[in-house]
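Student: I am new to this protein and would like to understand the words people use for its parts. Could we go through them together?

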Amino acid sequence: MLKATFPHHKNMIREFTVFCKLKYISISAIQLFEEFMDNFCIEDCVCPTCGAKHTCSPHDSYERNLISYESGKSVCYRVNVLRVICESCGYPHAILPEILIPYGSYNILFILAVLRDYYIHSCKIQELCNKYQIAVSTLYRWKRLFQKHKKLWLGLLEDIATPASDFIDFLMNFSIGVLSQGLKHFFLSHDFSFLQGPSKTAHSASP
Ligand SMILES: [Zn+2]
């Protein structure tokens with residue numbers, strides 16, 4: 001466990017590259033995750049705590065869920081999240097590809113797909129929740145989080161002028177790589193990730 005006073009964003013290294021490179025719409029979440037880890041280069045890590053370069057080495061790993069919506073149903077994968085340790089300051093950091101939202105199990109594309117269906121009124125609320133196998137309360141929690149983070153992303157005036165479904169379509173315009181770049185900018189600007197909810201485990205070593 002890390003100290004309670006330790007800023008929680010500093011115990012992870014967020015990487016935002018895969019969405020730029022892959023035509024991933026037909027690729028499973030587990031393939032995306034593995035593609036990222038195959039290309040992850042530990043030598044390129046910059047320690048988010050002390051800023052040192054080339055000082056990270058493998059430390060350990062932990063398992064977590066990665067829930068995705070594929071071929072018409074929810075799928076739950078178990079993935080191993082690598083942690084590296086900085087030899088300069090001694091802090092461990094989890095390596096979290098962009099598809100993972102810290103402290104959550106649902107992948108970001110899953111949540112955006114649910115919200116898109118919600119905002120375009122593709123079906124009734126209960127039907128939508130049945131389709132994705134989520135609780136109605138989860139849907140509304142994601143909606144609140146999305147609305148808050150959309151405002152942070154766009155700024156107040158643009159937020160008012162931009163319908164939610166348009167914003168999601170904009171994010172999911174993969175050909176221009178806006179999702180990777182935007183997620184990275186959001187994380188660096190706010191010290192937490194887009195659609196990352198508050199968590200009691202925020203200071204634990206398992207984001
Ligand atoms: Zn360090």
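Tutor: Gladly! Keep in mind that this is a predicted model. Let us start with a pair of strands: E2 and E3, the latter covering residues 73-86, are joined by 14 bridges and run antiparallel.

Student: What makes E2 and E3 a pair in the antiparallel sense?

Tutor: Pairing takes at least two bridges between the strands. E2 and E3 have 14 bridges, in the antiparallel sense, so they count as a pair. You can find some of the partners yourself: arginine 64 is opposite valine 79 in E3, and asparagine 65 is opposite arginine 78 in E3.

Student: What lies between E2 and E3 in their hairpin?

Tutor: There are 2 residues between the two strands of this hairpin, and serine 71 in the turn has a positive phi of about 50°.

Student: How do you know that E1 is paired with E4?

Tutor: The same test helps here: at least two bridges are needed. E1 and E4 (residues 92-97) share 4 bridges and run parallel, so they pass. One of the partnerships puts arginine 14 with leucine 96 in E4.

Student: Why are E1 and E2 said to stand at the edges?

Tutor: Look at the order of the open sheet, E1-E4-E3-E2, whose pairing is mixed. E1 (12-15) and E2 (56-70) each have a single partner strand, so each has one side without a neighbour in the sheet. From one strand to the next, the twist averages 25°.

Student: Are the faces of E1 covered or open?

Tutor: Both are covered: Met12 and Arg14 are buried on one side, as are Ile13 and Glu15 on the other. The general pattern behind this is that side chains in a regular strand alternate between the two faces of the sheet.

Student: Why is H4 said to lie largely in the open?

Tutor: To be buried, a residue needs 20 or more other C-beta atoms within 10 Å of its own. Of the 8 residues of H4 (residues 125-132), the number that pass is 0, so this helix lies largely in the open. After H4 comes glutamine 133, with a positive phi near 55°. Across the protein, 30% of the 207 residues are buried.

Student: Where does the largest nonpolar core draw its largest share of residues?

Tutor: That core has 44 residues, and those with the most contacts inside it are Leu96, Ile99, Ile108, Ile111, Leu112, Val114 and Leu115. H3 supplies the largest share, 8 residues. Leaving aside residues up to four places away in sequence, valine 114 touches Tyr132, Ile134, Leu139 and Trp142.

Student: How do H3 and H7 pack?

Tutor: H3 (residues 108-119) and H7 (residues 164-171) pack at about 145°, with axes 9 Å apart. The contact involves Leu112, Leu115, Arg116 and Tyr119 of H3, together with Ala164, Ser165, Ile168 and Leu171 of H7. By class, these are 6 nonpolar, 1 polar and 1 charged residues. The crossing of H3 and H7 is left-handed.

Student: And what is the whole layout of helices and strands?

Tutor: The protein has 8 helices and 4 strands, and from the N terminus the elements run β-α-α-β-β-β-α-α-α-α-α-α.

Note on methods
Residues are numbered from 1 along each chain as its sequence is written. This is a predicted model: local features need pLDDT of at least 70, side-chain atom pairs count only at pLDDT 80 or more; totals for chains, interfaces and linings use all residues. Axes are lines fitted to C-alpha atoms, for helices over the stretch in contact, and angles run from 0 to 180 degrees between N-to-C directions. A residue is buried if 20 or more other C-beta atoms lie within 10 Å of its own, exposed if 12 or fewer, and partly exposed in between; C-beta atoms are placed from the backbone. A crossing is left-handed if the near helix is turned anticlockwise from the far one by less than a right angle, and right-handed if clockwise. Two residues are in contact if their C-beta atoms, placed from the backbone, lie within 7 Å. Ala, Val, Leu, Ile, Met, Phe, Trp, Tyr, Cys and Pro count as nonpolar, Asp, Glu, Lys and Arg as charged, and the others, Gly among them, as polar. A nonpolar core is a set of buried Ala, Val, Leu, Ile, Met, Phe, Trp, Tyr and Cys residues joined through C-beta atoms within 7 Å.
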